[in-house]
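Visitor: Could you take me through the pockets here, slowly, with an eye on what lines them?

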Amino acid sequence: MLSFSRQISRVVRSCSARTQHHSFMRTSASTHLHQQVFNMSLFNKSSDEAKEEDIKKDTNEASNEEQKEEVPVFTQTQYDELQKKLAEEAKEWKDQLARTLAEKENFRMRMERQVEEAESFSIRKFAKDLVEVADVLQMAIENVKPEKLNQDTNPDLVELFEGLKATNDMLHKKFDRHHVKSMNPVQMKFDPDFHEAKFEVPHEHADGLEHGHVHSVAQLGYTIKGRVLRPAAVGVVKKPQ
């Protein structure tokens with residue numbers, strides 16, 4: 001009798017354990033199913049939100065493109081004012097360009113003058129020394145008496161005289177090359193910028209020249225590129241008493 005009761009008790013415990021196991025399995029399956037459903041709902045929600053974001057983005061881009069394509073519409077008054085303003089700006093730029101070009105041209109001309117003046121100054125002192133050599137040559141030529149220039153009696157003097165003339169002519173050619181010009185202002189009106197009065201000639205001995213005119217030249221003057229290198233030393237007709 002006791003053995004049969006034990007068997008019955010074992011069978012009951014076994015059935016209870018199986019029942020609990022099946023209950024746990026059903027609970028686990030149900031929980032797993034609920035988790036899958038919840039995950040799917042989250043995925044679907046995320047997909048829907050992403051789609052909504054894409055739709056909003058596309059809508060904003062389309063709106064921006066429409067705004068870019070919109071062309072502003074001006075009234076006739078606004079158009080006239082805009083055209084007037086553009087014309088004024090164009091005139092201002094044109095004037096500014098003209099001023100810039102004029103300043104550039106003035107600068108170029110100023111630089112050319114400065115270079116020219118520097119070149120003239122560099123040879124000015126040397127040229128001033130050479131005109132003294134020209135004075136000596138001219139004086140030597142003028143002091144040779146024509147009657148002594150005889151090839152038969154004074155061949156050496158004739159050769160020397162011809163050499164002096166050739167040297168003097170060559171020197172003046174070099175002067176011309178460098179724009180050095182001599183001044184012999186006889187019978188010209190006295191100009192204090194180019195002449196230096198050394199003495200006065202009485203009016204009665206002026207050979208008919210008027211007062212203030214150059215009667216004689218004691219020393220030739222020279223200019224270099226139009227500027228006085230050495231003023232001519234002259235005698236001026238005196239004013240009549």
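Guide: Sure, and keep in mind that this is a predicted model. The largest pocket has a volume of about 290 Å³. Walk around its wall and you meet D135, Q138, M139, E142 and N143, then N184 and V186, and finally V217, A218, Q219 and L220. Two elements, α2 (76-142) and β3 (214-219), each put at least two residues into that lining, and α2 is the top contributor with four. As for chemistry, the wall of this largest pocket counts five nonpolar residues, four polar ones and two charged ones.

Now slide over to the second largest pocket, which holds about 190 Å³ of space. Its lining is made of R113, E116, E117, S120, F121 and R124, together with I224, K225 and R227. Here too α2 turns up: six residues, the largest share of this second lining, come from that helix. By class, the second largest pocket is lined by six charged residues, two nonpolar ones and one polar one.

While we're in this part of the chain, have a look at H213, which sits in the loop between β2 (195-201) and β3. H213 has a relative accessibility of 17%, and because the cut-off for buried is under 20%, H213 counts as buried. What surrounds it? Setting aside neighbours within four places in sequence, H213 touches Q187, M188, K189 and F190, and also G235, V236 and V237.

Key: Residues are numbered from 1 along each chain as its sequence is written. This is a predicted model: local features need pLDDT of at least 70, side-chain atom pairs count only at pLDDT 80 or more; totals for chains, interfaces and linings use all residues. Side-chain values use heavy atoms; hydrogens and water are left out. On a 1 Å grid over the protein atoms alone, a cavity is a set of points where a 1.4 Å probe fits but cannot get out, and a pocket is an open set with protein on both sides within 12 Å along at least five of seven lines; lining residues have an atom within 4 Å of a point. Grid points are joined across faces, edges and corners, and a volume is the space filled by probe spheres set on the points. Ala, Val, Leu, Ile, Met, Phe, Trp, Tyr, Cys and Pro count as nonpolar, Asp, Glu, Lys and Arg as charged, and the others, Gly among them, as polar. Buried means under 20% relative accessible area, exposed over 50%, partly exposed in between (1.4 Å probe, protein chains only). Contact means heavy atoms within 4.5 Å.
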